[in-house]
Amino acid sequence: MKNSIKRIIDSRLKSKCKTYGYGDDLLGVMLTAAKSNEYERKMRMDEIIEECKNFYYAGQGTTSILLTWTTMLLSLHQGWQEKLREEVFNECGKDKIPDTDTFSKLKLVMFIFIVLLAGEEKGFLTPINLADEHGVDGVASSVRTRD
Ligand code: HEM
């Protein structure tokens, strides 16, 4: 893990350019801080590597559990599975690999992720049932109400 991160950092350091510096994402911001002359902003390389590891583990575990949970619930609710598949095919086509532009068009897919996350927080056992009973608008107002 440490070596993979080091390789990414090295290639970013090499690709520094006049206009964008080290880039405007988190790694770019941290590398700018590492190379800064201001003592308070300076980050050591081992701190940057630790921060990248932290992001990797925090993002990987949560995302894979959400995807597993979503797949499990969609296998129990095949009507919703069909609706989501239809939306993905309509927006992305059958041959195209989805990208960030197409993701932003997947309203129903995003809605289901939000229902599952909010349902978990509120202790709903099968939050997707709510979508069946109350429809998309009903669930949207239900997850907005935080009691
Ligand atoms: C479904 C996906 C995710 C869920 C449910 C989730 C949930 C959470 C929760 C509940 C916290 C704690 C917030 C707190 O302490 O108040 C947290 C913190 C954090 N998450 Fe996520 N997360 C998700 C995805 C991600 C992803 C993709 C990344 C990185 C790419 C990430 C990076 C982090 C980091 C770095 C923190 C610590 C923030 C801090 O130190 O203040 N998370 N997340």
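Helices here are DSSP runs of H or I with at least four residues, numbered from the N terminus. All views show a predicted model.

**Figure 1. The protein chain as a whole is built from seven helices and zero strands.** Along the sequence, the elements of the protein chain follow the pattern α-α-α-α-α-α-α. The protein chain has 147 residues, and 8% of them are buried. Of the contacts between residues at least 6 apart in sequence, 40% join residues at least 24 apart.

**Figure 2. Confidence along the protein chain averages a pLDDT of 81.** A score of at least 70 is reached by 80% of the residues. Helix 1 has the highest mean pLDDT among the elements, at 91, and helix 7 (residues 127-144) has the lowest, at 58. Where pLDDT is low, predicted coordinates should not be read in detail.

**Figure 3. Close-up of helix 1, which covers residues 2-14.** At 1.5 Å a residue, the 13 residues of helix 1 should span 18 Å, and the C-alpha atoms at its ends are 18 Å apart, so the two values agree. Helix 1 is hardly covered, with zero buried residues among its 13. N3 is one of the residues in helix 1. A residue is exposed if 12 or fewer other C-beta atoms lie within 10 Å of its own; N3 has 8 such neighbours inside 10 Å and therefore counts as exposed. I49 is 46 residues from N3 along the chain, and the C-alpha atoms of N3 and I49 are separated by 9.5 Å.

**Figure 4. Close-up of K35 in helix 2 (residues 26-35).** K35 has 14 C-beta neighbours inside 10 Å and so counts as partly exposed. M45 is ten residues from K35 along the chain. The C-alpha atoms of K35 and M45 are separated by 10.0 Å.

**Figure 5. Close-up of helix 3, which covers residues 45-76.** At 1.5 Å a residue, the 32 residues of helix 3 should span 46 Å; the C-alpha atoms at its ends are 47 Å apart, which agrees. The number of buried residues among these 32 is one, so helix 3 lies largely in the open.

**Figure 6. Close-up of the ligand and the residues that surround it, N54, F55, A58, G59, T62, T63, L66 and L117.** Helix 3 gives the most to this shell, with seven residues. By class, the shell around the ligand has four nonpolar and four polar residues. Charged residues are absent from the shell around the ligand.

Conventions:
Residues are numbered from 1 along each chain as its sequence is written. This is a predicted model: local features need pLDDT of at least 70, side-chain atom pairs count only at pLDDT 80 or more; totals for chains, interfaces and linings use all residues. A residue is near a molecule or strand if its C-beta atom, placed from the backbone, lies within 6 Å of it. Helices (H or I, at least four residues) and strands (E, at least two) are DSSP runs, numbered from the N terminus. Ala, Val, Leu, Ile, Met, Phe, Trp, Tyr, Cys and Pro count as nonpolar, Asp, Glu, Lys and Arg as charged, and the others, Gly among them, as polar. A residue is buried if 20 or more other C-beta atoms lie within 10 Å of its own, exposed if 12 or fewer, and partly exposed in between; C-beta atoms are placed from the backbone. Two residues are in contact if their C-beta atoms, placed from the backbone, lie within 7 Å. The expected span of a helix is 1.5 Å times one less than its number of residues. pLDDT is the predictor's confidence in each residue, from 0 to 100.
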